[in-house]
Amino acid sequence: MVTTAVTAVAGAVPPPSKGKAVTVVATPPPTFTRRHLLVAGAIASALCTAAASAATPKFAEIPGSGGVKALDLREGSGEVPADGDQVAIHYYGRLAAKQGWRFDSTYDHKNETGDAMPFVFTIGSGKVIPGIEAAVKSMRVGGLRRVIIPPSQGYQNTSREPIPPNFFDRQRLFTTIFNPTRLANGEGSTLGTLIFDIELINIRQRSELFCFLRTED
């Protein structure tokens, strides 16, 4: 009879012996108190707020503008206007005191062919409200900018442009801004706050205007 020896392999784990029970110890789930949950919620909220704040563009005050704040929605790549230059802009004007009521827009001003007519003025002429001039002077052609204009740089009277061509819009605008009762109640610092979206279309420089006028003569 040949007896075959089975040699144990070093490091092999023998199977568990029959009849022995294996006990599994379950780890209890962590217990969170109300305080833990409130702290975790506050941290998550703070992180979300910080992330949103970092991602949201912010308005910046234009130097020397008297408090006009601007947010560039699109950077222009053209020239920057100077005093004496004639500029053409499109705008969308709203009144903050009327929950952002739109009182005028050049996109609604159509010519004979149905195209929107831009608003044209000369930088430094005093024709327009100071807030618009301050905004346009620091823009480049092709740029689109949203500006918040405080009352001191907005409509101080009813003669500065841009003025809504529609009579009812014009009446509503000025009766709101110059409301005597609300002004007497100290609301003047908010009544005339304006919000404009301005697009700088083109510039005709002062030298070009001079040559054009001489040619016309």
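**Close-up views of a predicted model**

**View 1. Thr 106 sits in a loop between two strands.** Thr 106 lies in the loop that runs between strand E4 (101-105) and strand E5 (119-122). The model shown here, as in every view, is predicted. Thr 106 has a relative accessible area of 1%. Buried means under 20%, so Thr 106 counts as buried.

**View 2. The side chain of Thr 106 meets the backbone of Tyr 91.** A polar atom of the Thr 106 side chain lies 2.9 Å from the backbone nitrogen of Tyr 91. Tyr 91 is also one of the residues that Thr 106 touches. Leaving aside residues up to four places away in sequence, the contacts of Thr 106 include Ile 89 and His 90. Ala 116, Met 117 and Phe 119 are also among them.

**View 3. Arg 94 and Asp 197 form a salt bridge.** The closest N and O atoms of this pair are 3.7 Å apart. The salt bridge links distant parts of the chain. Arg 94 belongs to strand E3 (residues 86-95), and Asp 197 to strand E7 (residues 194-204). The two residues are 103 residues apart. Both Arg 94 and Asp 197 are buried.

**View 4. Asp 197 also pairs with Arg 146.** Their side chains meet in a salt bridge, at 2.7 Å from N to O. Asp 197 lies in strand E7 and Arg 146 in strand E6 (residues 144-149), so this pair ties together parts 51 residues apart in sequence. The relative accessible area of Asp 197 is 14%. That value is under 20%, so Asp 197 is buried. Arg 146 has 28% relative accessibility and counts as partly exposed.

**View 5. Three residues are linked in a network.** Arg 94, Arg 146 and Asp 197 are joined by salt bridges. Asp 197 bonds with Arg 94 and with Arg 146. Of the residues in this network, Arg 94 is buried, whereas Arg 146 is partly exposed.

**View 6. Glu 187 and Arg 182 form another salt bridge.** The closest N and O atoms of Glu 187 and Arg 182 are 3.0 Å apart. Glu 187 is partly exposed, at 26% relative accessibility. Arg 182 is partly exposed too, at 29%. In total, the count for the model comes to eight salt bridges.

Terms used:
Residues numbered from 1 in each chain as written. Predicted model: local features only at pLDDT ≥ 70, side-chain atom pairs only at ≥ 80, totals over all residues. Heavy atoms only, no water. Salt bridge = Lys/Arg side-chain N within 4 Å of Asp/Glu carboxyl O. Helix = DSSP H or I, 4+ residues; strand = E, 2+ residues; numbered from the N terminus. Buried < 20%, exposed > 50% of the residue type's maximum accessible area, 1.4 Å probe, protein only. Polar contact = N/O pair within 3.5 Å; in protein donor to acceptor, adjacent residues only side chain to side chain. Contact = heavy atoms within 4.5 Å.
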